[in-house]
Amino acid sequence: MFFGLVTAVGLSVIGLAVAIVVIIVYGSRYSFQAFGFSFLWGTVWSPTTDVFGVVFAVVGTLVTSAIALLIAVPLALGSAIYLTTHAPPWLRGPAGTAVELLAAVPSVIYGLWGIYVVHPYMATTIEPGLKEYLGFTGLFDGTPIGLDVLTASVVLAIMIIPTICAISRDTLAAVPQAQKEAALSLGATDWETTRVAMIPYARSGIVGGIILGLGRALGETMAVTMLIGNVDRIPTSLLSGGQTIASLIATELLSNSGPLQESAILEAGLILLVIALTVNVIARLLVWRVLKGGGGGIVE
Amino acid sequence: MRKFDRYVRRKLLSHIIAVLTGLCVIAVLYPLVSIVYESFVLGGGVLFQAQFLTTQAPNGCSVIACKTVGIGPAVQGTLIVVGLAAGISVPVGVLAAIFASEYRVRGLGRAVSFTADVLTGVPSIIMGAFIYGYFVIYDPQIALSFYTGALALSAIMIPIVVRTTEEALRVVPNSVREAAMALGISKWKATLRIVLVASLPGVATGVLLAVMRAAGEAAPLLFTLGYSTLWFTSLSHPGANLPILIYTFALSEYSNQVKVAWGATLFLLILILVVNVVSRLMIHRMRVRMGGL
């Protein structure tokens with residue numbers, strides 16, 4: 001009897017996953033009937049005329065996540081290498097704990113901090129600077145207001161660093177001692193040992209950690225919603241406002257402007273779900289292979 | 001001479017990398033310091049005021065001296081909605097983990113554990129949209145209520161509880177299970193009263209992590225729990241909640257509401273810090289105990 005109960009509950013977890021997909025697909029049926037696949041590349045999002053195309057939010061999601069990765073990966077890997085190789089032993093525990101605490105800070109707190117600390121700094125210092133020196137690239141056109149794609153990406157980067165750093169650190173720490181000693185005994189310096197003996201060994205775990213960080217960036221909602229400016233069009237530069245799929249859902253699902261808009265937002269959610277699931281399955285397979293069924297030291 | 005140069009250069013590069021990666025750690029940890037510092041500066045004053053945790057949220061007011069009041073209903077609402085969600089997700093998560101790790105039914109156990117792992121990666125806002133999408137069609141009366149809020153949070157918590165409980169069960173040595181079997185205890189009794197009890201600190205840690213995660217979630221509650229500044233009246237009404245309060249007041253034009261948002265932030269941060277320290281101690285205790293077996 002206990003076996004029956006446990007089996008039923010166990011299978012209900014799989015049922016939950018199925019239910020999520022089924023209900024989101026069902027909810028997006030009106031939108032799919034109205035727009036078909038043109039929803040995917042339609043550039044107009046207009047609740048007043050009931051025309052919905054989601055490409056602006058997909059672009060916003062991909063651009064913010066890509067910039068966040070560009071900033072986060074070097075910092076996270078650098079920290080992971082320092083914490084496994086160079087850090088004095090007394091520092092490893094506390095610094096590792098602090099990195100994990102960063103992962104535990106709620107998204108909405110990053111958003112509040114972003115508005116009152118990062119946003120003014122971006123608007124008065126970083127963005128005018130980028131405009132002056134890199135303005136010719138066209139990436140920084142527009143007024144530096146601080147509530148835009150760039151600020152959202154920077155805070156997003158800060159939020160995914162703990163994920164990437166913790167998993168990279170765990171996989172680097174899982175490199176067998178003999179592997180490191182072999183390199184050291186050949187006269188390799190600390191850095192050469194890291195480069196030749198440790199990184200190749202931990203590579204798929206590190207890549208898994210990066211993809212897991214990407215998965216978190218794609219679906220991150222509150223902080224992005226508070227910082228990206230919430231403009232329903234394709235961002236024209238990094239200093240213009242935009243919208244990600246997650247922030248679109250957060251700001252408009254309850255706006256009560258009719259069943260078609262609601263359905264279109266759920267379809268946008270379906271796209272986000274597909275992207276996030278793909279990214280996560282790839283990442284889990286990579287991390288599982290290295291850590292042999294471990295969760296990667298971080299739960300989120 | 002040349003050989004010596006090359007050695008010095010290699011050594012130097014190694015030291016430069018050590019310094020650069022050390023700077024990375026500082027850059028990575030700076031936001032944590034800044035968040036804690038700003039919350040103390042901007043939220044400390046209100047949080048440590050008497051009645052901050054027992055009075056209602058303020059109406060907008062921009063006069064410097066205007067009265068700041070508290071986050072009582074939001075604390076109450078958070079406790080209720082997270083408590084309900086824990087009531088659903090802890091039994092479900094623990095039983096599912098027992099299925100995945102104790103009863104090896106062909107590939108099914110692994111399928112459950114992989115599904116749970118993938119579900120931890122589903123964006124929390126999708127969990128909210130999923131619950132909203134169901135209730136807005138089938139039971140719109142309670143689409144915005146404590147019920148749907150709790151369901152959305154448990155959809156987030158269940159995978160976390162499954163994964164951490166599974167890890168905790170795996171730490172229990174097989175000899176313990178074999179000893180129980182050898183005494184002729186039935187499998188379910190051995191699982192519940194011996195294996196589960198032995199892994200209890202690990203399970204409790206997982207539950208604490210899941211609870212803290214849920215307590216900080218705002219995205220899925222936007223269209224399930226809804227928004228309110230009032231004290232709790234009924235489970236079928238929308239309710240107040242800390243993260244939602246922070247979100248709403250963060251962009252307020254009134255200085256007293258922004259102050260309350262920072263006070264609530266500091267309150268959440270302190271909770272998270274305490275829970276993290278406690279859960280670390282529990283993991284440590286568990287390791288010590290298992291080492292003795």
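This text walks through a predicted model of two chains, A and B, from one chain's outline to the contacts between helices.

Start with chain A. Its secondary structure comes to 12 helices and two strands. Along the sequence the order is α-α-α-β-β-α-α-α-α-α-α-α-α-α. The two strands thus sit next to each other in that order, after three helices. The C-alpha atoms fill a box of roughly 70 × 70 × 30 Å along the principal axes. Of the 300 residues of chain A, 53% count as buried. Contacts reach across the sequence. Among those in chain A between residues at least 6 apart, 77% join residues at least 24 apart.

Now bring in chain B. The contact between the chains takes 69 residues from chain A and 70 residues from chain B. On the chain A side, helix H1 (residues 2–27) gives the most, with 16 residues. That side of chain A divides into 49 nonpolar, 16 polar and four charged residues.

Helix H9 (residues 242–250) of chain B is a good place to look next. H9(B) is mostly covered, with eight of its nine residues buried. The buried ones are B:Leu242, B:Pro243, B:Ile244, B:Leu245, B:Ile246, B:Tyr247, B:Phe249 and B:Ala250. Two of these residues also stand out in the largest nonpolar core. That core has 182 residues, and B:Leu245 and B:Ile246 touch the most other members. Helix H7 (residues 149–173) of chain A gives the most to this core, with 16 residues.

What does B:Ile246 contact, leaving aside its neighbours within four places in sequence? On chain A, the partners are A:Val108, A:Ile109 and A:Leu112. On chain B, they are B:Ala261, B:Ala264 and B:Thr265.

Those chain A partners lead to a helix pair. A:Val108, A:Ile109 and A:Leu112 belong to H6(A), together with A:Gly111 and A:Ile115, and these five residues meet H9(B). From H9(B), the contact uses B:Pro243, B:Ile246, B:Tyr247 and B:Ala250. An α-helix has 3.6 residues a turn, so residues three or four places apart point the same way. The axes of helix H6 (residues 107–134) of chain A and H9(B) come within 9 Å and cross at roughly 20°. Angles under 35 degrees count as roughly parallel, so H6(A) and H9(B) are roughly parallel to each other. Their crossing is left-handed. The contact residues divide into eight nonpolar, one polar and no charged.

A helix pair inside chain B takes another angle. The axes of helix H2 (residues 72–102) and helix H3 (residues 108–119) of chain B come within 7 Å and cross at roughly 135°. That angle makes H2(B) oblique to H3(B). H2(B) passes H3(B) in a left-handed crossing. From H2(B), the contact uses B:Ala96, B:Phe99, B:Ala100 and B:Ser101. From H3(B) come B:Gly109, B:Val112 and B:Ser113. These residues divide into four nonpolar, three polar and no charged.

Finish with one residue of chain B. B:Arg285 is found in helix H10 (residues 255–291). Is B:Arg285 partly exposed or buried? B:Arg285 is partly exposed, because 13 other C-beta atoms lie within 10 Å, and a buried residue would need 20 or more. B:Pro201 is 84 residues from B:Arg285 along the chain, yet their C-alpha atoms are separated by 7.7 Å.

Notes:
Residues numbered from 1 in each chain as written. Chains lettered and ligands numbered in written order. Predicted model: local features only at pLDDT ≥ 70, side-chain atom pairs only at ≥ 80, totals over all residues. Contact = placed C-beta atoms within 7 Å. Helix = DSSP H or I, 4+ residues; strand = E, 2+ residues; numbered from the N terminus. Nonpolar A, V, L, I, M, F, W, Y, C, P; charged D, E, K, R; others polar. Axes fitted to C-alpha atoms, helices over the stretch in contact; angles between N-to-C directions. Parallel < 35°, antiparallel > 145°, perpendicular 65-115°, else oblique. Left-handed = near helix turned anticlockwise from the far one by under 90°. Buried ≥ 20, exposed ≤ 12 C-beta atoms within 10 Å, placed from the backbone. Core = buried A, V, L, I, M, F, W, Y, C linked by C-beta atoms within 7 Å.
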